[in-house]
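Colleague: Got a minute to walk me through the sheet in this one? I'd like to hear how the strands are ordered and what packs on them.

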Amino acid sequence: MTRDLREFDRIVLGEIWTSDEAWRNLVFLCDDLGHRFAGTDRERRAAEFLAERMRAYGLQNVRLEEFPMATWDRGPCHLWVTAPLERELPAIAMPYCPSARLEAEVIDVGEGELPDFERWASEIPGKIVLTDAETNRPGERKSHRTDKFNWAIQRRAVAVLFINQNPGQLHITGSLTGRNPNGTRAVDREALIPGLGLSYETGMLLRRLAERGTLRLRIATENRTYDSRSANVIGEIPGRERPDEIVLVGGHYDGHDIAQGAGDDAAGTVVGLEVGRALAPLAGQLRRTVRIICFGAEELGLLGAYHHAAQGAARGERFRFVLNLDGAGRGTGGQERLVLSGLPELVPYFQSLARQLPYNFTIRDELNAHSDHFPFALHGIPNATLSSRDATAGMLGRGWGHTEADTLDKVTLRSIQLAAALAARLVIRLSEDEAFPGRLRTPEEVRQQLADAGLLERVRATEGNVI
């Protein structure tokens, strides 16, 4: 470790560990603003707040990078059992759910993995599919909500009900796939069929009722999908020797409308902002430009990340590395994990950094398509997601995430400080290290990465001619 790196570490660690600025920013996002659902006034107010903080911290070229998108308003949602008994049960519509009134028989596909849908394929047409929401345990990789929704549509289901896998009367939410995933207008983004989120307890009741014989449900929901705008919030610490090479770091500041979105991902946003605050005094001293970004509209389809990646490609920008902070800063801290995106050659590099810092964090290599790193992976840019394990480590799927329980009390100042300290020190080294082994992948190599991860056909179906 060079003398300059040690001095840089002292500066950023001193800034991070002697201030509660990050916590006050998190409180404002969660308690004062609330959910920050993409395309709404609350998200816009959050963007303006984040830009104002960047300016106050001395970041340069601060700006809002706006883009068109379709947002969604939640209306009434009713779910009635009509057989084998009659009862209304609690449920919520999921973002981009259309307005609908229908009654149909239920088909339970269990976990809802592809073999489950194939097994029941002949029974699904015209029925309401009942399925588990995400069932992965920490470290496991299983099918995403959107996979299950698309498989149901392909087999001509009339609606899908997702069961939260964690008890506590918590409804699961998450956006649904639109009619035209490549479009930005409301007509493109609204889903073809309804998708509703259920609590674990409601789902288990429905499964017990199904054991008696035919289970029929009636759904009535009123929602609105409409054209709007979102924005990425951007600020920079310009580099000294290679200012045209960019290390991009940040999380998404939007959240779902049923909760504060504290862990997903206000905490990650604040970690990125804290990295910017701590590095701002190093403007003109770091070799490369560090760009802090707060992504908009992640929860509705990674829209801000797709926009920034496309804009960067159009401008010919050179991204050296993208560090996504979705999930960083959650819990009590000290259990950070770095997941690379199909880049096995970088695992030893980050393992070596962990020893040098010295700070023990988990390093894995697994390409997935469900956070803001992915649009950059499609452009061949080296990237990773830094997240923090929280108190939901023993729970299934997202834990508190995408439920009413994703609230400020699940985060601590210490967790924000630990994640910010690690992220800042990684960013410094990604800026300074001339021997960094990462490189831009060719389109052919990206296709192979996607094929190896089982994502190629899905990307071709949703990204048009990108791949």
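**The sheet and its helices**

Colleague: Let's start with β14 and β15: which residue in β15 is the bridge partner of Val339?

Modeller: Bear in mind that this is a predicted model. Strand β14 covers residues 336-340 and runs parallel to β15, with 4 bridges joining the two. In β15, Val339 has as its bridge partner Arg364.

Colleague: Which strands stand at the edges of the sheet?

Modeller: The sheet is open and has 8 strands with mixed pairing, in the order β1-β10-β12-β11-β13-β16-β14-β15. A strand with a single partner has one side left without a neighbour in the sheet, so the edges are β1 (60-73) and β15 (362-365).

Colleague: And by how many degrees are neighbouring strands turned against each other on average?

Modeller: Ignoring direction, the average for neighbouring strands of this sheet is 20 degrees.

Colleague: What stands opposite Glu245 in β13?

Modeller: β11 runs parallel to β12, joined by 5 bridges, and there Val247 has Val290 of β12 as its bridge partner. β11 also runs parallel to β13, this time with 6 bridges. In β13, the residue opposite Glu245 is Arg318.

Colleague: Which helix lies across β14 and β16?

Modeller: Helix α9 (residues 303-315) lies across β1, β10, β11, β12 and β13, at about 130 degrees to β1. Another helix, residues 413-432, lies across β11, β12, β13, β14 and β16, running at about 165 degrees to β13. The one you're after is α12.

Definitions and conventions
Residues numbered from 1 in each chain as written. Predicted model: local features only at pLDDT ≥ 70, side-chain atom pairs only at ≥ 80, totals over all residues. Heavy atoms only, no water. Pairing = 2+ DSSP bridges. Axes fitted to C-alpha atoms, helices over the stretch in contact; angles between N-to-C directions. Contact = heavy atoms within 4.5 Å.
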